[in-house]
Structure formats: structure tokens, C-alpha cells
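I am opening a fresh page for this protein and will write down what I look up, entry by entry. The cysteines come before the overall fold.

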Amino acid sequence: GAVVSNCVISPGVYIGPEAEVEDSIIMHGTRIGAGCRIRRALIDKNVVISPDKSVGCDAGQDSQHFMISEKGIVLIPKDFKLL
């Protein structure tokens, strides 16, 4: 039930139902909850993103938690938990 487009997804990644993920690279062991919206993100290993969270949709909100590249890509470090 998720929509994934233009992404590189490593083995062992879980993407919940009704999540939308686009233009992203997601590394092994990451869990993306149901209803999440992920855009233009580089997500390292073993990251947990709780249901209904968004990444890459609001630069102001993203900059409080993550680094953002000059090109606007959100960088999420290894083992990060967005609860």
C-alpha cells in the first residue's frame, strides 16, 4: 500500500502502508511508519521514523533535526529515531 518512486532501497527496509517515499536513498534496517511522507532524503542504517511523520516536506522543520545539503537533500544519520 506504500508508494515508492525514484528511490534506492537496501534490503531489510520496512515501509509502512500509505507511506509515500520519493527521490530518496534508504539504507539497511530502516523502518518507515505508515502514512509517512519522505522526499529527497538520504537515510542511513537502522533509522526509525514513526507513523505519519514527514521528512523533506518542510525545510524549517527538517533543519531542527537534520543536516540539509546545499542541494536540499535531507541527511538522516545512522540509528536516528524520529518519534
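How many disulfides does the count come to? I applied the rule that two cysteine sulfur atoms must lie within 2.5 Å of each other, and the count comes to zero. I note here that the model is predicted, and that the values below are computed from it.

**Entry: the cysteines**

I looked up Cys7 and found that this residue is in no disulfide, the nearest cysteine sulfur being that of Cys57, 13 Å away. Because a disulfide is taken as a pair of cysteine sulfur atoms within 2.5 Å, a separation of that kind does not qualify. For Cys7 I also noted a relative accessible area of 22%, so I list Cys7 as partly exposed.

I then turned to Cys36, which is likewise in no disulfide; for Cys36, too, the nearest cysteine sulfur belongs to Cys57, here 10 Å away. Cys36 has 0% relative accessibility and therefore counts as buried.

**Entry: Ser50**

Where is the place of Ser50? I found Ser50 in the loop between β9, which covers residues 48–49, and β10, which covers residues 54–55. Is Ser50 buried or exposed? The relative accessible area of Ser50 is 16%, and since the cut-off for buried is under 20%, Ser50 is entered as buried. Leaving aside residues up to four places away in sequence, I recorded that Ser50 touches Gly33, Cys36, Leu82 and Leu83. One of these partners of Ser50 is thus Cys36, the cysteine I had already listed as buried.

**Entry: the overall fold**

I counted one helix and 13 strands in the protein, and reading along the sequence I wrote the pattern down as β-β-β-β-β-β-β-β-β-β-α-β-β-β. The radius of gyration is 11 Å, close to the 12 Å that the globule rule gives for 83 residues, so the protein is as compact as a globular protein of that length. Along the principal axes, the C-alpha trace spans about 30 × 25 × 20 Å.

I also checked the contacts between residues at least 6 apart in sequence, and of these 19% join residues at least 24 apart.

**Entry: surface and charge**

Buried residues make up 28% of the 83 residues. The protein exposes about 4800 Å², and I noted that carbon and sulfur atoms supply 52% of that area. For the charges I recorded 9 positive and 10 negative side chains, with the centres of the two sets lying 5 Å apart.

Methods
Residues are numbered from 1 along each chain as its sequence is written. This is a predicted model: local features need pLDDT of at least 70, side-chain atom pairs count only at pLDDT 80 or more; totals for chains, interfaces and linings use all residues. Side-chain values use heavy atoms; hydrogens and water are left out. Helices (H or I, at least four residues) and strands (E, at least two) are DSSP runs, numbered from the N terminus. The radius of gyration is taken over C-alpha atoms; the globule rule is 2.2 Å times the number of residues to the power 0.38. Buried means under 20% relative accessible area, exposed over 50%, partly exposed in between (1.4 Å probe, protein chains only). Contact means heavy atoms within 4.5 Å. Accessible areas come from the Shrake-Rupley method with a 1.4 Å probe; for residues, only the protein chains shown count as cover. Lys and Arg count as positive and Asp and Glu as negative; His and the chain ends are not counted. The place of a charge is taken as NZ of Lys, CZ of Arg, CG of Asp or CD of Glu.
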